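These are my notebook entries on one protein model, kept in the order in which I looked things up.

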Amino acid sequence: MSDLRLLPWSDPEGRPCYLSSDHGNSLLNRRADQIEALQLSMGTELLGHAHALLNDRKATAGELRFLAQRLCEALRDALRVAESRGRRLPGRDEDEVPDEAL
């Protein structure tokens, strides 16, 4: 059996979700790949909007707060993708189990 894969979503209580699969090309693995790609793409697009809003001297505090919240969400998603992909790098200790999975 392969390592647990950290999925790009949480359960309803906010806890991380993991997939245990022998097949890297399973339906759920492919769906997780698609969602990770979408999350990273949305983060890139948000970054472009952020630059535009930050250069707008007429931006309100509410607009900037909304932007900060969305940037925090995008950063959280990107960090989760990085963690998930890092855990799947070749040469990683096979016996290493994520603390959240215990």
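**Entry 1: Arg-5 and its partner**

I began with the side chain of Arg-5, which makes a polar contact of 3.4 Å with the side chain of Glu-36; by polar contact I mean a pair of N or O atoms within 3.5 Å, where within protein one must be able to donate a hydrogen and the other to accept it, and where residues adjacent in sequence count only if both atoms are side-chain atoms. The model is predicted, so local features need pLDDT of at least 70 and side-chain atom pairs count only at pLDDT 80 or more, while totals for chains, interfaces and linings use all residues. I number residues from 1 along each chain as its sequence is written, and side-chain values use heavy atoms, with hydrogens and water left out.

Arg-5 lies in strand β1, residues 4-10 (strands are DSSP runs of E, at least two residues, and helices are runs of H or I, at least four, numbered from the N terminus). I noted Arg-5 as buried, because its relative accessible area is 4% (buried means under 20%, exposed over 50%, and partly exposed in between, with a 1.4 Å probe and protein chains only). Leaving aside neighbours within four places in sequence, the contacts of Arg-5 include Cys-17, Tyr-18, Leu-19, Asp-33, Ser-84 and Arg-88, contact meaning heavy atoms within 4.5 Å.

**Entry 2: Glu-36**

Is Glu-36 buried or exposed? Glu-36, which sits in helix α1, is buried, with a relative accessible area of 1%. Its side chain makes a polar contact of 3.1 Å with the side chain of Arg-85, and, not counting residues up to four places away in sequence, Glu-36 touches Arg-5, Leu-6, Pro-8, Val-81, Ser-84, Arg-85 and Arg-88.

I also looked up Gln-34, another entry for helix α1, and recorded it as partly exposed because its relative accessibility is 46%. The C-alpha atoms of Gln-34 and Pro-8 are 9.7 Å apart in space, with the two positions 26 residues apart in sequence numbering.

**Entry 3: the second largest pocket**

Which helices supply the lining of the second largest pocket? Both α1 (27-54) and α2 (61-87) supply at least two residues each, and α1 gives the most, with six residues. I took a pocket as an open set of points on a 1 Å grid over the protein atoms alone, where a 1.4 Å probe fits, with protein on both sides within 12 Å along at least five of seven lines, and lining residues as those with an atom within 4 Å of a point.

The lining consists of Gln-39, Met-42, Gly-43, Glu-45, Leu-46, His-49, Arg-70, Glu-73, Ala-74 and Asp-77.

Within this lining I followed Glu-73, which is in helix α2 and is partly exposed, with a relative accessible area of 32%. The side chains of Glu-73 and Arg-70 are joined by a polar contact of 2.7 Å, and the C-alpha atoms of Glu-73 and Gln-39, 34 residues apart along the chain, are separated by 9.7 Å.

**Entry 4: the whole chain**

I closed with the overall picture: the protein has two helices and two strands, in the order β-β-α-α from the N terminus on. Of its 102 residues, 26% count as buried, and among contacts between residues at least 6 apart in sequence, 53% join residues at least 24 apart.
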